[in-house]
Amino acid sequence: MTDHALGARGPRSGLKALAAGSIGNFVEWFDFAIYSASIPIVARLFFPPGNDYAALLSAFALYGVAFLARPLGGVVWGNLGDRLGRRNVLATIVLLMGAATMAIGLLPTYATVGLLAPVLLALCRLVQGFSGGGEFTGATSFITEYAPSNRRGLFSAISATFTTLPAVLGTLTVLGMRVIMSEASFIEWGWRVPFLIGGPLAIVGLVIRLRMNETPAFQEVAGKHEVESAPLRVAVRHHGRQIALVFAIASLSGLGAYTLGTYFVSYLTVTIKISPTAALLANAAALAATVPLVVRRRGCLATGSAASRCCLSARQGSSR
C-alpha cells in the first residue's frame with residue numbers, strides 16, 4: 001500500500017489534519033458559545049412574558065437539552081467513524097451542526113408562534129447536541145491518527161484550544177452586534193446574526209474535511225480487513241476502567257468550563273446587574289486567559305472516541 005493511499009503521516013499531512021479537525025471543533029463550540037452569550041435575549045424572546053426568572057431558567061434548560069443528546073451522538077458517530085472511517089462522518093457532523101445553528105437564527109419567536117417557538121428551539125438544540133457528541137472526540141481521533149508519534153499530545157492540546165477560542169470569538173460576536181446597533185434593533189433582528197454565521201462556517205469546515213484523505217491508521221486496518229464490527233463493545237470490554245477514569249476527569253474540567261462559558265454572562269447581567277456589554281467583555285477576557293493554558297496541556301488524557309482509540313490500538317498493538 002502506497003504512502004499516498006494511506007494518507008501518510010508527516011509534518012504537512014499532520015498540519016492539514018489538525019486544521020481539518022480543529023475547524024469542526026471551532027464550529028461546534030462557536031455555536032454553543034453564541035447560545036450561551038445570548039441566553040438573556042433567548043429567555044426574553046422564546047418564552048412567555050411575565051416571569052423573567054422562569055424564562056431564564058427555561059433558556060438554561062434548553063442549553064442543557066443538547067447534553068442529553070450528546071452521549072447518544074457520541075455512540076452513534078463514534079461507531080460509524082470506527083467502522084466506516086472518520087473523514088466522511090466528520091464532514092456530516094460539521095454540516096449538521098452548522099445547519100442546526102443557522103436554523104436557530106431563523107426561528108420565529110414566542111410573540112409570533114407561541115409555545116411552538118421553544119419547542120422548535122429545543123429540537124435545534126437536540127440536533128446540535130447529537131452532532132456535537134461525535135465532533136470533539138472524532139476530530140481528536142482524526143488528528144492524532146495523522147499526527148507524528150512524538151507530537152500527538154501537542155496536536156491534541158492545540159485542537160483542544162478550538163473548544164475555548166470559539167467561546168471567546170462567539171462572545172465577542174454577540175458583543176459586537178450589541179455595540180454597533182441599538183438595543184431595539186438587536187432585540188428585533190440583531191441577535192440572529194451570530195447564529196446565521198454558523199452556516200457559512202460549517203461550509204468552510206465541510207470543504208476542508210472533504211479535501212483530506214482517510215486517516216493512515218484506519219486505512220491500514222481497513223486494508224487488512226480488520227475493522228472491528230462492534231467497536232464500542234470491544235472498547236468497554238477491554239478498556240472500561242480507563243474510559244471511566246477519563247470520563248470522571250473530563251467531568252471535573254467540564255464543570256469549570258461551562259460555569260465560566262455559560263453561566264457567567266447571565267449571572268453578571270441578571271444578578272449583579274451590570275451592563276450586557278461589560279458582562280460580555282469580562283467573559284471574553286476570562287475565556288481568552290484560558291487559551292494558552294489549554295495549549296500547555298500537552299499530555300492529552302483522551303485522544304478521541306473510546307471505541308476508536310481502543311480498537312485501533314488493540315488491532316495495531318500500539319497505544320495511541
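**Exercise 1. Describe how helix 4 and helix 7 pack against each other in this predicted model.**

*Solution.* Step 1: geometry. Helix 4 spans residues 52–84 and helix 7 spans residues 116–146; their axes come within 6 Å and cross at roughly 35 degrees. The crossing of these two helices is right-handed.

Step 2: the residues in contact. On the side of helix 4, the contact includes Leu62, Tyr63, Val65, Ala66, Ala69 and Arg70, together with Leu72, Gly73, Gly74, Val76 and Trp77. On the side of helix 7, the partners include Pro118, Leu121, Ala122, Arg125, Leu126 and Gly129, followed by Phe130, Ser131, Gly132, Gly133 and Gly134.

Step 3: chemical character. The residues of this contact comprise 13 nonpolar, seven polar and two charged.

**Exercise 2. Determine which helices line the second largest cavity, and give the classes of its lining residues.**

*Solution.* Step 1: the number of cavities. The model has two cavities of 30 Å³ or more.

Step 2: volume. The second largest cavity holds about 70 Å³ of space.

Step 3: the lining. Twelve residues line this cavity, and Trp77, Gly78, Arg86, Gly134 and Gly138 lie nearest its centre. At least two residues of the lining come from each of helix 4, helix 5 (86–106) and helix 7. Two of the residues nearest the centre, Trp77 and Gly134, also belong to the contact of helix 4 with helix 7.

Step 4: classes. The lining of the cavity has four nonpolar, seven polar and one charged residues.

**Exercise 3. Characterise the packing of helix 7 with helix 8.**

*Solution.* Step 1: geometry. Helix 8 covers residues 152–161, and helix 7 packs with it at an angle of about 145 degrees, the axes being 9 Å apart. The crossing is right-handed.

Step 2: the contact. Phe136, Thr140, Ile143 and Thr144 of helix 7 meet Arg152, Phe155, Ser156, Ser159 and Ala160 of helix 8. By class, the contact has four nonpolar, four polar and one charged residues.

**Exercise 4. State how helix 9 and helix 11 are oriented to each other, and justify the term used.**

*Solution.* Step 1: geometry. The axes of helix 9 and helix 11 (residues 192–210) come within 9 Å and cross at roughly 135 degrees.

Step 2: classification. Angles over 115 degrees and up to 145 degrees count as oblique, and helix 9 and helix 11 are therefore oblique to each other. Their crossing is right-handed.

Step 3: the contact. Helix 9 contributes Thr173, Val174 and Met177, while helix 11 contributes Val193, Pro194 and Ile197. Five of the contact residues are nonpolar, one is polar and none is charged.

**Exercise 5. Describe the second largest pocket by its volume and its lining.**

*Solution.* Step 1: volume. The pocket has a volume of about 540 Å³.

Step 2: the residues. It is lined by 24 residues, of which Pro40, Ile41, Arg44, Asp52 and Val270 are the closest to its centre.

Step 3: the elements. Two or more lining residues come from each of helix 3 (39–46), helix 4, helix 9 (165–180), helix 10 (183–190), helix 13 (231–271) and helix 14 (276–295).

Step 4: classes. The lining of this pocket has 16 nonpolar, three polar and five charged residues.

Methods. Residues are numbered from 1 along each chain as its sequence is written. This is a predicted model: local features need pLDDT of at least 70, side-chain atom pairs count only at pLDDT 80 or more; totals for chains, interfaces and linings use all residues. Side-chain values use heavy atoms; hydrogens and water are left out. Axes are lines fitted to C-alpha atoms, for helices over the stretch in contact, and angles run from 0 to 180 degrees between N-to-C directions. Helices (H or I, at least four residues) and strands (E, at least two) are DSSP runs, numbered from the N terminus. A crossing is left-handed if the near helix is turned anticlockwise from the far one by less than a right angle, and right-handed if clockwise. Contact means heavy atoms within 4.5 Å. Ala, Val, Leu, Ile, Met, Phe, Trp, Tyr, Cys and Pro count as nonpolar, Asp, Glu, Lys and Arg as charged, and the others, Gly among them, as polar. On a 1 Å grid over the protein atoms alone, a cavity is a set of points where a 1.4 Å probe fits but cannot get out, and a pocket is an open set with protein on both sides within 12 Å along at least five of seven lines; lining residues have an atom within 4 Å of a point. Grid points are joined across faces, edges and corners, and a volume is the space filled by probe spheres set on the points. Angles under 35 degrees count as roughly parallel, over 145 as roughly antiparallel, 65 to 115 as roughly perpendicular and the rest as oblique.
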